[in-house]
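The exercises below are meant to be worked through with the sequence and the 3D view side by side. Try each task before reading the solution that follows.

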Amino acid sequence: MASSTPLGFPLCSLHSRSSISTSSVLSPVSSSGAISFSLGLRSPSGIRFYAQPPRRRVIAMATRQLRASIVTKGSWDKLILDSEVPVLVEFYASWCGPCRVVQGIMDEIAEEYNGKIGCFVLNTDDDSEVAEDYEIKAVPVVLLFKNGKECDSVVGIMPKDFYVAAISRAIETS
């Protein structure tokens, strides 16, 4: 849902499917000494104000090579549920800043525990059905699976030690 600042600049939430197109132009209009903005006008100085930036699909989370592999709905059963080693899965969204922080931690863990556990990331925007199956309501969330069953979870950004402790518990009970 769109909202506005005290000056009238529109703000769109990340989940908004606003009908304002990027070609609509906002312009200051003075009424009773207050400044507000209306659609369809150009400012006197010729500056255009856009309601929202053009929509672009972000494909890569980072410019560096990911160490945690990507999992999708189609590969979920084989890579996660049928895995013989414990598996760590980050549920993320490409627009989520905190998810990028967790992705860095996931990459470090994938490198350190290579062969002992599997590390995967799942884009909740692309594979929402999997996220719904595990009742993921917000991101980032990291779930730890062992023998095809969820055995631990970490919600939000936590220090690497939280993830390592969960992994250690899963490996010890092997």
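Two rings of Phe, Tyr or Trp count as a pair if their centres lie within 6.5 Å, and a pair is edge-to-face when the planes are over 60 degrees apart. The model studied here is a predicted one, and it holds five aromatic pairs.

**Exercise 1.** Determine how the rings of Trp76 and Phe145 are arranged, and which parts of the chain they tie together.

Solution. Begin with the geometry: the ring centres are 5.6 Å apart and the planes stand at 85 degrees, so this pair is edge-to-face. Next, place the two residues: Trp76 belongs to helix 1 (residues 76-81) and Phe145 to strand 9, so the pair ties together parts that are 69 residues apart in sequence. Finally, look at the surroundings, where both Trp76 and Phe145 turn out to be buried.

**Exercise 2.** Work out whether Tyr134 is buried, partly exposed or exposed, and describe its pairing with Phe145.

Solution. Buried means under 20% relative accessible area and exposed means over 50%; Tyr134 has a relative accessible area of 22%, so it is partly exposed. Phe145, in contrast, has 1% relative accessibility and therefore counts as buried. The two rings form an edge-to-face pair, with 5.3 Å from centre to centre and 90 degrees between the planes. Since Tyr134 sits in the loop between helix 3 (128-133) and strand 9, while Phe145 is in strand 9, the pair ties together parts 11 residues apart in sequence. As a last step, widen the view: Trp76, Phe91, Tyr134 and Phe145 make up one aromatic cluster.

**Exercise 3.** Trace the sheet and find what packs on it.

Solution. The five strands form an open sheet in the order 6-8-7-9-10, with mixed pairing. At its edges are strand 6 (69-70) and strand 10 (149-155), each of which pairs on one side only. Further in, strand 7 (residues 87-92) and strand 9 (residues 141-146) are antiparallel partners over five bridges, and Leu88 stands opposite Leu144 in strand 9. Helix 2 (residues 97-112) packs on the sheet and touches strand 7, strand 8 (118-123) and strand 9, whereas helix 4 (residues 160-172) lies across strand 7, strand 9 and strand 10.

**Exercise 4.** Which element gives the largest share of the largest nonpolar core?

Solution. That core has 22 residues, and those with the most contacts inside it include Leu88, Met106 and Tyr163. Strand 7, helix 2, strand 8, strand 9 and helix 4 each give two or more residues to this core, and the largest share, six residues, comes from helix 2.

Definitions and conventions: Residues are numbered from 1 along each chain as its sequence is written. This is a predicted model: local features need pLDDT of at least 70, side-chain atom pairs count only at pLDDT 80 or more; totals for chains, interfaces and linings use all residues. Side-chain values use heavy atoms; hydrogens and water are left out. Two strands pair if DSSP finds at least two bridges between them. Helices (H or I, at least four residues) and strands (E, at least two) are DSSP runs, numbered from the N terminus. Contact means heavy atoms within 4.5 Å. Axes are lines fitted to C-alpha atoms, for helices over the stretch in contact, and angles run from 0 to 180 degrees between N-to-C directions. A nonpolar core is a set of buried Ala, Val, Leu, Ile, Met, Phe, Trp, Tyr and Cys residues joined through side-chain atoms within 4.5 Å. Buried means under 20% relative accessible area, exposed over 50%, partly exposed in between (1.4 Å probe, protein chains only). Rings of Phe, Tyr and Trp (its six-membered ring) pair if their centres lie within 6.5 Å; planes under 30 degrees apart count as stacked, over 60 as edge-to-face and the rest as tilted.
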